[in-house]
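Q: I am new to this structure. Please take a close look at one part of it, the place where the chains meet, and walk me through it.

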Amino acid sequence: MVARTIPSHANIRLLAKKNLGDLLEVLGRWGTVYAPVEKQPDVYTFAETTDLSAIALGYLRTALPPKRFMYPPEERLYNFTLSKGFEEPPQSEDRQILFGVHPCDIHAFSILDLVFAGPYPEPRYFKRRRRTAIIGLDCLPDVNCFCYSMDTDSVERGFDLFLTDIGEDYFVRVGSSWGEEVVRACKDLFTGLKEGSIEEYKRRADARSRMFESHVEMSDMPQIMELEFSNPLWEELGEKCLSCGSCSIVCPTCYCYDIIDQFDLKGDSGSRTRRWDSCLFKEFAQVAGFNFRQDRSTRVKLRYYHKQIAFVEEYGRSSCVGCGRCIETCPAKINIIEVLNEIRGKKVMSHAG
Amino acid sequence: MLAERIDARVDPHKPHLARLIRIDPMVKDHRLFQLRFEDPKLNDEFTHKPGQFVMLSVLGVGEIPVSLCSSPSRKGIMELMVRKVGRVTSALYALRENDFVGIRGPYGNGFPVDDMKGKDLVIVAGGLGTAPLRGLLWYCLDNRAEFGKIALLYGSRSTKDMLFRSEMESLLNRDDIQCLLSVEKLDDEEKDTWRGYTGLVTDLFRHLGEIGEDAYAAVCGPPVMYKYVLEELLNKGFDKNRILMSLERRMKCGIGKCAHCAIGYHSSVGYRYVCIHGPIFTYWDATNLPEMI
Ligand SMILES: Cc1cc2nc3c(=O)[nH]c(=O)nc-3n(C[C@H](O)[C@H](O)[C@H](O)COP(=O)(O)OP(=O)(O)OC[C@H]3O[C@@H](n4cnc5c(N)ncnc54)[C@H](O)[C@@H]3O)c2cc1C
Ligand code: SF4
Ligand code: SF4
Ligand code: FES
């Protein structure tokens, strides 16, 4: 297990649960608050609200990840006219506050940061990133969660405030100067640590670690995947996969995109739009006269190899945060936990830990 | 947090307006476009390495990667050779001289010209493959003293399919480059005047003179050509690390983000985006990337 540094006490506060509604209301004055709500039975989404009674505090995972707040599914990159060329439409400057983001999704943002930085940083993404505050919230895993294996079950940074349920209070970690500003502005809502709060925090962290049912051994995974490049499993997955692309859409770290140009009706101006794409779609690697990934198995395989090896090589970690969304959503019941375990030669899949 | 440290003021997706100042039809469905940025400052600043490419936008239609086929040694000239194959290229063909397109770049690694200096160089081109190689060829010829022997092997189906024919034939008159041209089929009316060979580009290797042990080769052409050309080069003793080729993949961003151009994995080479790690790869890379050729 990776060592978790509990920040120095100056960065820790308690928030009585009964004060949460007031905090939300105050947050609403600082920006637009998006929080998890139950849209349909058991289907959660981040929606604009500061109304505590509407917020599903115990949600496990939203159907769509919060990546759309930094990187929308579709966004206009430019308007153009034949005389003036390409002009970027103005972007809102207002602060958005994401409330109730779980550790895996906070890690996912750090991963997207790496992608959108690189040799050619993407200004739209970072503009949004800078005007977005993140209030994290802890959670308890189900069988599709394997963040524990992906080392994303807890976070040390990447949030402004992080709330952990310790009974009557939330144990609040302050992760940014903005977070501290909020705490200072709502002095009455927060208190210092109480006797036993740290013990309770640790006790719950331990209990939570033991709740993970699904495990994937990730050490040496890149080497093992390389050795298994010709494993017949990839063919089997290719036969099952419907190339629907859902796994990419729900993944908090998938970032492929397509770019589409359009003329307006008059024909002298138009727009260029960026849209989420999926490497599972057949046309993804099509070029003149040849498709580099004609069969589905090579495309399914690409998704795994990209996340578990290529990304590791480039950025030092896997781009999967173990959120379980792709498992929940796949119509063909392809399960990343099972796939990775099978590649490792472990027939016992989940419930192994 | 990383997000706070990133300086993202420059928008890497933004194309600059450029004017088509000259359009030359070459062979069927191949045209040479000469461009100039509307912003004179960009014209002064723009430079590239041979083998790099730009993203070319036809307004309202789309954006495609195209190799720069001019040499950075000819400052102020940007030339692109485009084959008409589909939507964007057809829309480009519908434009006239003085019309606008969008350009951003240059992108990609380009040929490792600094490493190539002082060494012999064999350029092998087939068909449209001359586009990225032409920039390299003129770069080397314009900096002739910095390179060892230079040979060009260029094969096409017939003289009518030859790109840059007069330019290539003019090289036959130079004694600082061995220029070997071949056509698979020679038209009757050319029988007496054709100064090249008939046959496949691989047949030209027979005529290739002595080549240094640390020589470089740069290859580009249709997929069918590679296998045989690479075999010839290995037979000649070329090191796989010094056989260079330009790869084409579908590209949307050109800047290592959209993931369209990603190619497969092997630990000794890794995983690559053609747009930023390529488009120039060594044969060694290619033999180690299962998805590469
Ligand atoms: C690094 C690089 C350098 C290139 N240099 C040149 C060049 O100098 N001259 C030139 O004529 N072409 C070049 N190409 C190929 C050129 O980008 C494609 O021909 C062009 O994108 C096709 O666009 P289209 O809209 O006309 O075709 P589409 O209507 O999109 O499609 C026509 C066919 O082209 C395929 N296609 C789409 N994108 C690409 C692509 N990026 N590469 C290959 N095929 C594609 C489609 O799948 C389809 O089969 C280069 C490609 C790359 C990656
Ligand atoms: S969600 Fe499942 S079926 Fe759909 S593309 Fe992904 S792996 Fe294939
Ligand atoms: S690959 Fe699946 S489990 Fe991993 S981060 Fe993406 S959606 Fe979550
Ligand atoms: S073209 Fe987008 S990553 Fe290479």
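A: What follows looks at the contact between the chains, then at the contact between the domains inside one chain.

This is a predicted model. Start with how many residues are involved. On one side, 52 residues of chain A are in contact; on the other, 49 residues of chain B. Together the two chains bury about 4300 Å². Carbon and sulfur atoms give 60% of that area. Three residues of chain A stand out here: A:Phe86, A:Tyr120 and A:Tyr257. They supply 15% of the area that chain A buries against chain B, more than any other three residues.

Now the charged and polar pairs. Three salt bridges are counted between chain A and chain B. The side chains of B:Lys252 and A:Asp258 meet in a salt bridge, at 3.1 Å from N to O. There are also 17 residue pairs in polar contact between the chains, both residues at pLDDT 80 or more.

Which elements of chain A give two or more residues to this side? Strands 4 (74-81), 5 (85-87), 11 (257-263), 12 (269-276) and 13 (286-287) are among them. So are helix 2 (103-116), helix 3 (123-130) and helix 10 (296-315). Helix 10 of chain A gives the most, with seven residues. By class, the side of chain A that touches chain B has 26 nonpolar, eight polar and 18 charged residues.

Next, look inside chain A. The chain is divided into domain 1 (12-209) and domain 2 (221-344). Their centres, taken over C-alpha atoms, are 26 Å apart. The contact takes 41 residues from domain 1 of chain A and 39 residues from domain 2 of chain A. The area buried between these two domains is about 3500 Å², and carbon and sulfur atoms give 61% of it.

Salt bridges occur here too. Five are counted between domain 1 and domain 2 of chain A. In chain A, the side chains of A:Arg275 and A:Glu74 meet in a salt bridge, at 3.0 Å from N to O. Across the domain interface there are 23 residue pairs in polar contact, both residues at pLDDT 80 or more.

On the side of domain 1 that touches domain 2 of chain A, strand 4, helix 2 and helix 4 (147-150) each supply at least two residues. Helix 2 of chain A gives the most to that side, with nine residues. The residues of that side divide into 24 nonpolar, six polar and eleven charged.

Terms used: Residues numbered from 1 in each chain as written. Chains lettered and ligands numbered in written order. Predicted model: local features only at pLDDT ≥ 70, side-chain atom pairs only at ≥ 80, totals over all residues. Heavy atoms only, no water. Contact = heavy atoms within 4.5 Å. Buried area = accessible area lost by both parts, 1.4 Å probe. Salt bridge = Lys/Arg side-chain N within 4 Å of Asp/Glu carboxyl O. Polar contact = N/O pair within 3.5 Å; in protein donor to acceptor, adjacent residues only side chain to side chain. Helix = DSSP H or I, 4+ residues; strand = E, 2+ residues; numbered from the N terminus. Nonpolar A, V, L, I, M, F, W, Y, C, P; charged D, E, K, R; others polar. Domains from an automatic or database assignment.
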